[in-house]
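Reader: I should be grateful for a close look at one part of this structure, beginning with a small sheet and the pairing within it. Please then carry the account onward to the ligands and their surroundings.

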Amino acid sequence: MKEKLVLIGNGMAGIRTLEELLKLAPDLYDITVFGDEPHGNYNRILLSPVLAAEKTIDDIILNDRQWYADNNIMLHTGMRITKINRGQRTITAEDGTETTYDRLIISTGSSPFIIPVPGSELEGVIGFRDIQDVDEMLDAASKYKKAVVIGGGLLGLEAADGLVKQGMDVTVVHLENTLMERQLDSAAGALLKSSLEERGLKFLMEHQTEALLGDKRVEQICFSNGLQIPADLVVMAVGIRPNIELAQSAGIHSERGIVVNDTLQTYDPRIYAVGECAQHRNITYGLVAPLFEQAKVAANQLAQLGISYYKGSITSTKLKVSGIDLFSAGDFQQSDDTEELLYQDPGRGVYKKVVIRNNRIIGSVLYGDTLDGPWYFQLMRDGIDITEMREKLLFGQVSIGDSGHSATDHISAMPDDAEVCGCNGVCKGDIVNAIIDKGLFTLDEVKLHTKAAASCGSCAGVVEQILASTVGSDFTISPAKKPICGCTEYTHDEVRATLVKYELKEIRAVMDFMEWKTPDGCSKCRPALNYYLLCAWPGEYVDDARSRFINERVHANIQKDGTYSVIPQMKGGMTNAAELRAIADIADKYAVPEMKVTGGQRIDLFGLKKEQLPAIWADLNAAGMISGHAYGKSLRTVKSCIGSRWCRFGTQDSVTMAVKLEEMSWGSWTPHKFKMAVSGCPRNCAEATIKDLGVVGIDSGWELHIGGNGGIKVRATDLLCKVQTEAEVLEYAAAFMQLYREEAHYLDRTAPWIERVGLTYIKQCLIEDGDGRKRLAERFLLSQKYAQIDPWRARAEGKEAHEFAPMIEVVD
Amino acid sequence: MSDWIEIGHIDDIPRLGSRVVKSKAGDIAIFRTAQDKIHALLDKCPHKGGPLSQGIVHGDQVTCPLHDWKIQLASGEAVAPDEGCARTYRVRVKAGTIFLML
Ligand code: SRM
Ligand SMILES: Cc1cc2nc3c(=O)[nH]c(=O)nc-3n(C[C@H](O)[C@H](O)[C@H](O)COP(=O)(O)OP(=O)(O)OC[C@H]3O[C@@H](n4cnc5c(N)ncnc54)[C@H](O)[C@@H]3O)c2cc1C
Ligand code: SF4
Ligand code: FES
């Protein structure tokens, strides 16, 4: 017998929960849904465009009755639930019928708050919540002239705009002196007000409604200052109240909303609450993005996976009045510990404000030019330290070089033949065409269809903006958590935490436990899982060669013609005649087509056939050389200048330091490649300040620099600290590498990782917490015991021979 | 003159792996899936000729090592939206022994 799952409230959050649940566990429950509206499930947020005659009701249906039938869901519409009997586990509908449940979801949403003034019960006084309200407004617009909307918030303004479009004479009454004061500061509020006035809306600011007058239907509205104006329709949009009466009457603990924990369970663990009626960590939400996140977690719990937890959401807002660009997110009111960055261009009607605390964005308000809204939101949500980009922040993402080589001022001003993706040669026009022709909506779809942003990804921001400017968006779904790839719902962090917590030690085990959607993953998730397991269980986990990219599988770099290159280790760039002679002999013996000194201070042999590799490695080994790991997400090189050994300026022996660092860290696997350099003095000839870890000699010791990157987007390092001794340099280096190994997402270089977590965090872990640093370093050295085995020697001696030999040569 | 040629045993190829058969027609990649299905494709990606035998095998696809195209093992077709097709060869497995038709 299947368990019975009952949903009360056929709205956006409840049905989304069922959709998520069906994806995870389609057959787990017998599902019944009760809704008191007479419709299937529709997109409530698009009621505003329906009112503005930009969309029809049919356009906004999300799930028609067929969907319920297809998924074996019993749907009762127009049926209000009046009672929950927790003892018997039944619910009672208004017509007296009872239904039993094993698990219950309450998602009753909320109701518009109707101000209890005299006359509020008159005909023609309504809220703005459902299809019925829209029908009443449309009906009024066809018969009457004067409308008053009480409330100058998001909902009120959308109602007012719609009613103006329906031909009514609309006055918006607001208690405060700023429109949308919860989302906008007074400057942006004033800009908004004047553009709405241009569209024909009238405003009565700082007016308090005292009474509504009329016989049967409302006719007049009176204010506390004595003013009285005619009104044939009054829409109250002054706030919402979570619908908690049903839960309360059943003794389920409720405050402003129904109180739920991080698994969206109420005080009765069989009963879940999601959506606007739920109160999580003291917050009730009134936007869909957080409700959808709740739905995902509730579904995960109901599917008995128990892996996801809801930790609350940060929300952003966009006003859906076409032609008005407005974006707001987070906190924007000034306080003692916040700073404001402000950009104002009244001539163009542009206003931007970004509020900062501790070098992180905590809020933003944009008016007139909202292109960078999602970007600020992302920076805010991820808590990214913005110190580095501060001076350019207000000029948008394009100004900070995030757009790689194709920086352009403005998306709309960008010509169609402007190259957006330098890697794949994709122009703006190609992207726009693909978006329109193929009906694309997300960055991933654009990547798939055009290859733009599919390689180095540096143009992803621009592509997203083209997407936004091409399709527009009705509302901003917060870019919720990002799964590793299409094979799973879970993020890098969730997967990592789970495999440690549940001691999963094989890729198969992780995929089974976390219910992977594909039979054996893909080329994205398998290498990530392989790395996470390797990092979590050093010495225990058996590396899976089949989940490694070819370079790491055969320990050489694949070339465009299918041959391989071989780069032996050359610690600190130091070499000698014997080594060079051996390399030269090998080059002759195997007729190596080309050789080059690499940017990593060592020698590359190009154009080798796979079959030749083990023999060449054997010869290199015989001459004392091992793999340089030039192919791995691993330590690459430790570059060095000549330092105090010869240089007239040298303060420290950079070569010895580089060699020691390379000896300690070679062979370690890391989330992405890891490069180091050591310079003997601040002239910095080894370019240490664009390395993942840079060490610079100074008179009193060494400076340690972290998070540099010389690649697609150049980032100079942050100074971590100064130390005095060689032992300290090694300990900090080991600890830093281990922190990176344990916490960064697979394929994150240190630079984006540090930007995400912030330098302060790294300093806490490595400087303030001295014991923590020592433990990190110990863990690093422990894992090195198992990692420092020259992969070339093993293969020269016959390991994985099948990799290097053809199966058979067919000659006929 | 097409004939079944014995090329080796199924266990010569690791699961989710691939080996190459050298032939006059060029290298032929022989794949083994997790379910022990065997497929043969010309070892040339329809994109820019990358050696498919060196890719990561998952499900019934292989991801080319050079620029990440995904190729269906059974048909040789690139997974949409990429377009192109690698030549397929017929294979047959009898009691663990793999035969290839050139
Ligand atoms: C061989 C070498 C070029 C050379 O002839 O000098 C090289 C060659 C490649 N680099 Fe590099 N990089 C080489 C030094 C560098 C440097 C300079 C350095 O290390 O000081 C950089 C910039 C510094 C940095 O990484 O911060 C560099 C930044 C990149 C990047 C961009 C990384 C980024 O974070 O933005 C890539 C792409 C990637 O890794 O995704 C890349 C990727 C590659 C790949 C592996 C492309 C690929 O995926 O196949 C090239 C392999 C060529 C081959 O056939 O072996 N290579 N590459 C250098 C090998 C150094 C070594 O001895 O190990
Ligand atoms: C006009 C408008 C515009 C909006 N614009 C945006 C926007 O741009 N962006 C955004 O993020 N959000 C917007 N919202 C808010 C968003 O629509 C809500 O946050 C969301 O719909 C809440 O989902 P829910 O499931 O909690 O509640 P609902 O969608 O209201 O669903 C609850 C359902 O339960 C039913 N119900 C209640 N009690 C019972 C009972 N006892 N028995 C049976 N059924 C019951 C209700 O009738 C309702 O159908 C807008 C809302 C409105 C009204
Ligand atoms: S070696 Fe580096 S810079 Fe040169 S082409 Fe290859 S990836 Fe680009
Ligand atoms: S050659 Fe295979 S993807 Fe480019």
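Author: In this predicted model, strand S6 (residues 61-63) of chain B is joined to S7(B) by three bridges, and the two run antiparallel. Within that pairing, Val62(B) has Ile71(B) of S7(B) as its bridge partner. Both strands belong to an open sheet of three strands, ordered S5-S6-S7 in chain B, with antiparallel pairing. Strand S5 (56-58) and S7 of chain B stand at the edges with a single partner strand each, so one side of each is left without a neighbour in the sheet. On average, and with direction ignored, neighbouring strands of this sheet are turned by 25° against each other.

The chain B loop between strand S7 (70-72) and strand S8 (88-94) contains Pro81(B). A cis peptide bond joins Ala80(B) to Pro81(B), with omega at about 5°.

Chain A offers a second open sheet, this one of four strands in the order S30-S31-S33-S32, again with antiparallel pairing. Its edge strands are S30 (557-558) and S32 (594-597) of chain A, each of which pairs on one side only. S30(A) pairs with strand S31 (residues 564-566) of chain A in the antiparallel sense, over two bridges. There Asn557(A) stands opposite Ser565(A), a residue of S31(A). Helix H18 (residues 613-622) of chain A packs on the sheet, where it touches S31 and strand S33 (603-608) of chain A. The direction of H18 makes about 5° with that of S31(A).

At the other edge of this sheet, S32(A) pairs with S33(A) over four bridges in the antiparallel sense. Lys596(A) has Asp604(A) in S33(A) as its bridge partner. The two strands, S32(A) and S33(A), form a hairpin with five residues between them. In the turn of that hairpin, Gln601(A) has a positive phi of about 65°.

The same part of chain A leads to ligand 1, which is surrounded by 22 residues. The closest are Gln559(A), Thr598(A), Gly599(A), Lys673(A) and Gly710(A). Ser565(A), already met as the residue opposite Asn557(A), has a polar side-chain atom 3.1 Å from an oxygen atom of ligand 1. An N or O atom in the side chain of Asn709(A) is likewise 3.1 Å from an oxygen atom of the ligand. Gly710(A) takes part through its backbone, with a polar atom 2.7 Å from an oxygen atom of ligand 1. The elements that give two or more residues to this shell are S33 and strand S34 (635-640) of chain A. By kind, the shell of ligand 1 divides into three nonpolar, eleven polar and eight charged residues.

Ligand 2 has 31 residues around it, and those that come nearest are Asp36(A), Glu37(A), Arg129(A), Glu276(A) and Lys320(A). Polar contacts to this ligand involve both side-chain and backbone atoms. An N or O atom in the side chain of Arg44(A) is 2.9 Å from an oxygen atom of ligand 2. Ile81(A) places a backbone N or O atom 3.1 Å from a nitrogen atom of the ligand, and Val288(A) places one 2.7 Å from an oxygen atom. On its own, ligand 2 has 1000 Å² of accessible area, of which the protein covers 94%.

The elements that give two or more residues to the shell around ligand 2 are helix H1 (12-24), helix H5 (154-165) and helix H8 (288-302) of chain A. H1(A) provides the largest share, three residues. The shell of ligand 2 is made up of twelve nonpolar, eleven polar and eight charged residues.

Two loops of chain A complete the account. Ala53(A) is found in the loop between helix H2 (47-51) and strand S4 (61-63). Its phi is near 65°, a positive value in a residue other than glycine. Gly383(A) lies in the loop between helix H9 (373-381) and strand S28 (419-421). Gly383(A) and Glu755(A) are separated by 372 residues in sequence, yet their C-alpha atoms are 8.9 Å apart in space. With neighbours within four places in sequence left aside, Gly383(A) is in contact with Arg360(A) and Arg756(A).

How values were computed
Residues are numbered from 1 along each chain as its sequence is written. Chains are lettered from A and ligands numbered from 1 in the order in which they are written. This is a predicted model: local features need pLDDT of at least 70, side-chain atom pairs count only at pLDDT 80 or more; totals for chains, interfaces and linings use all residues. Side-chain values use heavy atoms; hydrogens and water are left out. Two strands pair if DSSP finds at least two bridges between them. Contact means heavy atoms within 4.5 Å. Axes are lines fitted to C-alpha atoms, for helices over the stretch in contact, and angles run from 0 to 180 degrees between N-to-C directions. A residue is near a molecule or strand if one of its heavy atoms lies within 4 Å of it. A polar contact is a pair of N or O atoms within 3.5 Å; within protein, one must be able to donate a hydrogen and the other to accept it, and residues adjacent in sequence count only if both atoms are side-chain atoms. Accessible areas come from the Shrake-Rupley method with a 1.4 Å probe; for residues, only the protein chains shown count as cover. Ala, Val, Leu, Ile, Met, Phe, Trp, Tyr, Cys and Pro count as nonpolar, Asp, Glu, Lys and Arg as charged, and the others, Gly among them, as polar.
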